[in-house]
Amino acid sequence: MPSLRPMTEEDLPTVDAWLRQPHVSRWWTPDTTPEAQISLYRRRVTGQEQRTHMLVVIDDEIEVGWCQWYRWADYPADALAMEAADGEAGIDYAIGAPTRIGRGVGTQLIAVLVAELRRQHPGAGVLVDPDATNLASRRVLEKNGFLLVAVRPVATDPTDAPKALYRLPAIASSHS
Ligand SMILES: CC(C)(COP(=O)(O)OP(=O)(O)OC[C@H]1O[C@@H](n2cnc3c(N)ncnc32)[C@H](O)[C@@H]1OP(=O)(O)O)[C@@H](O)C(=O)NCCC(=O)NCCS
């Protein structure tokens, strides 16, 4: 299984190179630029912006990609547009190394990322909105038990492109 560690400023040149890979930029930066993303990530990893948690993905002892999680409640306009439930988290993920895609790492990454956010928010539900045409992203969610809840544009997105909204339901805590 891949592992995760917190992203640091030293990782940003590598992440910048991953953002420029065609298989990533196609989905990650159609409405922005690598420069804008790296500037945002810098604010997050230096603690100036604390809502989104940035992580580097390690597989077979090398860095292969990155991922992030956040609570939709910390982004109220997006939460409303997504119809997020109380306590739900959002995730984003990318295998940046082109030689590492299509080998099952992404599927495992989703499981590891959900476990990581649930370590901090036990049983939290997860709501994600890949582009509806991003079939690999949709597939890795489905393989991890996420359920399709809608295919529609999301009002806070820069485009009207339909998104596939997937939910991993919250696990109810059992208090005896
Ligand atoms: C999406 C991503 C994380 C998936 O990771 P991965 O390691 O390539 O995925 P896996 O090998 O674990 O599984 C991919 C699944 O998608 C399927 N798939 C891949 N491309 C597909 C396509 N064009 N059409 C249909 N299914 C496709 C594979 O067949 C596999 O499913 P299977 O095991 O049932 O056959 C990775 O491709 C990636 O980082 N892409 C670029 C960034 C991105 O899109 N991030 C998500 C933004 S929401």
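Helices here are DSSP runs of H or I with at least four residues, strands are E runs with at least two, and both are numbered from the N terminus. With that in hand, Asp11 sits in the loop between S1 and helix H1 (12-19). Keep in mind that this is a predicted model. Below is a quick tour of that loop, the ligand's surroundings, two sets of paired strands and the aromatic rings.

**The loop with Asp11**

- Asp11 has a relative accessible area of 9%. Buried means under 20%, so Asp11 counts as buried.
- A polar atom of the Asp11 side chain lies 2.8 Å from the backbone nitrogen of Thr8.

**Around the ligand**

- The ligand is surrounded by 20 residues, and the closest are Tyr93, Ile95, Gly106, Thr107 and Lys143.
- Ile95 also has a polar backbone atom 2.7 Å from an oxygen atom of the ligand.
- Two glycines make similar appearances: a polar backbone atom of Gly102 is 2.8 Å from a ligand oxygen atom, and a polar backbone atom of Gly104 is 2.8 Å from a ligand oxygen atom.
- On its own the ligand exposes 960 Å², and the protein buries 70% of that.
- Four elements put two or more residues into the shell around the ligand: helix H2 (22-28), strand S4 (89-95), helix H5 (105-120) and helix H6 (135-142).
- H6 gives the most to that shell, with 5 residues.
- Sorted by class, the shell has 10 nonpolar, 7 polar and 3 charged residues.

**Strands S1, S2 and S3**

- In strand S2 (residues 53-59), 6 of the 7 residues are buried, so the rest of the structure largely encloses this strand.
- S2 pairs with strand S1 (residues 3-6) in the antiparallel sense, over 4 bridges. Here Ser3 has Ile58 of S2 as its bridge partner.
- S2 also pairs with strand S3 (residues 62-71), again antiparallel, over 7 bridges. In this pairing, Val56 has Trp66 of S3 as its bridge partner.
- The hairpin of S2 and S3 has 2 residues between the strands, and Asp60 takes a positive phi near 50 degrees there.

**Strands S5, S6 and S7**

- Strand S7 (residues 163-168) has 5 of its 6 residues buried, so S7 is largely enclosed by the rest of the structure.
- Strand S5 (residues 126-128) runs antiparallel to S7, and 3 bridges join them.
- Strand S6 (residues 147-152) pairs with S7 over 5 bridges, also in the antiparallel sense.
- Tyr166 of S7 is worth finding on screen: Val128 stands opposite Tyr166, and Leu148 has Tyr166 as its bridge partner.

**Aromatic rings**

- The structure holds 5 aromatic pairs.
- Take Tyr70 and Trp72: their ring centres are 5.2 Å apart and their planes stand at 90 degrees, so this pair is edge-to-face.
- Tyr70 and Trp72 are both buried.
- Trp18, Trp28, Tyr41 and Trp66 form one aromatic cluster. Trp66 has already turned up above, as the bridge partner of Val56.

Terms used. Residues are numbered from 1 along each chain as its sequence is written. This is a predicted model: local features need pLDDT of at least 70, side-chain atom pairs count only at pLDDT 80 or more; totals for chains, interfaces and linings use all residues. Side-chain values use heavy atoms; hydrogens and water are left out. A residue is near a molecule or strand if one of its heavy atoms lies within 4 Å of it. A polar contact is a pair of N or O atoms within 3.5 Å; within protein, one must be able to donate a hydrogen and the other to accept it, and residues adjacent in sequence count only if both atoms are side-chain atoms. Accessible areas come from the Shrake-Rupley method with a 1.4 Å probe; for residues, only the protein chains shown count as cover. Ala, Val, Leu, Ile, Met, Phe, Trp, Tyr, Cys and Pro count as nonpolar, Asp, Glu, Lys and Arg as charged, and the others, Gly among them, as polar. Buried means under 20% relative accessible area, exposed over 50%, partly exposed in between (1.4 Å probe, protein chains only). Two strands pair if DSSP finds at least two bridges between them. Rings of Phe, Tyr and Trp (its six-membered ring) pair if their centres lie within 6.5 Å; planes under 30 degrees apart count as stacked, over 60 as edge-to-face and the rest as tilted.
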